[in-house]
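Subject: Structure handover

Hello,

Here is the structure for your files. My notes on the ligand site and on one other feature follow below it.

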Amino acid sequence: MPENHLTPEHATISPAILYWGTPVVLVSTENEDLSFNIAPISSAWWLGNRCMLGLLSVSHTTKNLLRTKQCVLNLPSDDMTDKVNALARTTGSKEILTATAIEPLYYFKKSNGYQYVKDKFSHANLTPVKSDIVRPARAMECPVQMEGELVGVHEMMQDVEGEVLFAMEIKVLRTHVHENIRKSGTKNRIDTDKWRPMIMSFSELYGLKAKKADESELAEMEEEAYRGFSNPAEVDLM
Ligand SMILES: Cc1cc2nc3c(=O)[nH]c(=O)nc-3n(C[C@H](O)[C@H](O)[C@H](O)COP(=O)(O)O)c2cc1C
């Protein structure tokens, strides 16, 4: 058993959110009428060629993803706050317009000032461009765009009544990056001194510090050692 040390420098608190800091992803999906939706999501983490996304069940993005199994994960850089703020508190779901307290999740959005927006690409001054493999459009202004397919869904919070949250496993099929963040002299690597992801910490938007914190022991490993968990090194241009 650990000893019962006094830690006067720590306070015991109960935060309403636990968003300690994750990247912002603009997820584009296809609507039923074949137009496109795009929404900021920051519950995102990466392993191999997979991204796990945490999504509210009633979001339009969730419904589009479950129906079409396709999306693009567009990563904004930290100077794109105007786009992210334009998309914040919007939804592509019309259901919000008539929501009452009987539908608590839609009502949560409505009572917190969310608006229904049909064309969120235009609303945020983002330019839709055709993807190679999936139907949803990429957002041209984002320096990173990953075409992906939904390969797994886990219902989170099964200990509470009703479907509230889903963890959605996205398999990255193809990655497009802006040339100015590609590491010079390499084909498949990112220059981490140049790539400036946007991070959401609690509900605030941040960039990473301009300088590396330190040399990284893990970075001593060849990046290609991870290839077995990812896509082939050569992009198959079909
Ligand atoms: C920076 C930022 C991060 C967000 N992160 C998430 C998230 O991780 N998961 C989630 O369900 N909603 C998140 N939201 C809220 C969604 O964007 C919101 O539910 C939106 O209405 C979804 O749009 P849609 O209904 O058109 O899919 C975030 C919003 C912002 C502005």
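A polar contact here is a pair of N or O atoms within 3.5 Å. By that cut-off S59 qualifies, because an N or O atom in its side chain is 3.4 Å from an oxygen atom of the ligand. Please keep in mind that the model is predicted.

Two further contacts involve oxygen atoms of the ligand. For N37, a polar side-chain atom lies 2.9 Å from a ligand oxygen. With T90 the partner is a backbone N or O atom, and the distance to an oxygen atom of the ligand is 2.7 Å. On its own the ligand has 640 Å² of accessible area, of which the protein covers 89%.

The shell

The ligand is surrounded by 22 residues. S43, T61, T90, T91 and K120 are the closest. By type, the shell holds 10 nonpolar residues, 10 polar ones and two charged ones. The space that the ligand takes up is the second largest pocket. Four elements each give two or more residues to the shell: β3 (36–41), β5 (50–56), α1 (60–68) and β7 (90–91). Of these, β3 contributes the most, with four residues.

The aromatic pair

Away from the ligand topic, the count of aromatic pairs comes to one. The pair is W20 with F202: their ring centres are 4.9 Å apart and their planes stand at 85°, so the arrangement is edge-to-face. W20 belongs to the segment before β1 (22–23), while F202 is in the loop between β13 (198–201) and β14 (204–207), so the pair ties together parts that are 182 residues apart in sequence.

Regards

How values were computed: Residues numbered from 1 in each chain as written. Predicted model: local features only at pLDDT ≥ 70, side-chain atom pairs only at ≥ 80, totals over all residues. Heavy atoms only, no water. Near = heavy atom within 4 Å. Polar contact = N/O pair within 3.5 Å; in protein donor to acceptor, adjacent residues only side chain to side chain. Areas by Shrake-Rupley, 256 points an atom, 1.4 Å probe, with all protein chains shown as cover. 1 Å grid on protein atoms, 1.4 Å probe; cavity = no way out; pocket = protein on both sides within 12 Å on 5 of 7 lines; lining within 4 Å. Sits in = over half its atoms within 2 Å of the grid points. Nonpolar A, V, L, I, M, F, W, Y, C, P; charged D, E, K, R; others polar. Phe/Tyr/Trp six-rings, centres within 6.5 Å; stacked < 30°, edge-to-face > 60°.
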